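Biologist: I would like to go through this model one piece at a time. Where shall we start?

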Amino acid sequence: MSQTPMLTTPEERVAMFQQLFSDTIPHNKALGIKVLAIARGLASMQIDWRKEFVGNPETGVLAGGPLTAMLDSCCGMAVATMLREPKPFATLDLRIDYAKPAVPGKPVIAEAECYRITRSVAFTRAFAHQGDPKDPVAAAAGTFMLGTKGEVTRAQAMGKELAK
């Protein structure tokens, strides 16, 4: 794997994670997920309201699938920031509690934290909201298995850069 240049500004970190987590992962790219912020143990993303994401055409409310995908990706990105040595990882468990329907026409923001990491499992929590983190659309709790089979992706190797 090639060396990744040192990421010095928040804008450089966001641009790099946007490229690695959203632009090159086909599912995330199709959803148009945008990386908003990234720091060690923390991640934030946004998904815009689009008519093809609507679960109920009568109300215009977003389906749960795009929100779940964004929360999973956001939690995974928070995990990647915590890895001091690159290793592959995968979602082991993800629980989503939907608190209320997202307001049609408005983007949804996810904010995730990787709050504990062991040798083999990372623990995360996240909220999805539409501008007020204290009024969530959904809450998530996820665990990620570390050291799974496969090659380390560039995205999974970024934690080392943030640890510097």
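Modeller: This is a predicted model. We can start with Gln18, which lies in helix α1, residues 10-23.

Biologist: Is Gln18 buried or exposed?

Modeller: Buried means under 20% relative accessible area. The relative accessible area of Gln18 is 16%, so Gln18 counts as buried.

Biologist: Which residue offers its backbone oxygen to the side chain of Gln18?

Modeller: Leaving aside neighbours within four places in sequence, Gln18 is in contact with Asp23, Ile33, Lys34 and Val35. The side chain of Gln18 reaches a backbone oxygen at 3.3 Å, and that oxygen belongs to Ile33.

Biologist: Which strands stand at the edges of the sheet?

Modeller: The sheet is open and has six strands in the order β1-β2-β6-β7-β8-β5, with antiparallel pairing. Two strands have a single partner each, so one side of each is left without a neighbour in the sheet. These edge strands are β1 (34-39) and β5 (89-98).

Biologist: What is the bridge partner of Ala43 in β6?

Modeller: Strand β2 (residues 42-47) pairs with β6 (residues 108-117) in the antiparallel sense, over six bridges. In β6, the partner of Ala43 is Ala112.

Biologist: Which strands does α3 touch as it packs on the sheet?

Modeller: The direction of α3 makes about 155 degrees with that of β2. Of the 17 residues of α3, 13 are buried, so the helix is largely enclosed by the rest of the structure. The strands touched by α3 are β1, β2, β5, β6, β7 and β8.

Biologist: How many Å apart are the end C-alpha atoms of α3?

Modeller: Helix α3 covers residues 64-80, which is 17 residues. At 1.5 Å a residue, α3 should span 24 Å. The distance between its end C-alpha atoms agrees with this, at 24 Å.

Definitions and conventions:
Residues are numbered from 1 along each chain as its sequence is written. This is a predicted model: local features need pLDDT of at least 70, side-chain atom pairs count only at pLDDT 80 or more; totals for chains, interfaces and linings use all residues. Side-chain values use heavy atoms; hydrogens and water are left out. Helices (H or I, at least four residues) and strands (E, at least two) are DSSP runs, numbered from the N terminus. The expected span of a helix is 1.5 Å times one less than its number of residues. Buried means under 20% relative accessible area, exposed over 50%, partly exposed in between (1.4 Å probe, protein chains only). A polar contact is a pair of N or O atoms within 3.5 Å; within protein, one must be able to donate a hydrogen and the other to accept it, and residues adjacent in sequence count only if both atoms are side-chain atoms. Contact means heavy atoms within 4.5 Å. Two strands pair if DSSP finds at least two bridges between them. Axes are lines fitted to C-alpha atoms, for helices over the stretch in contact, and angles run from 0 to 180 degrees between N-to-C directions.
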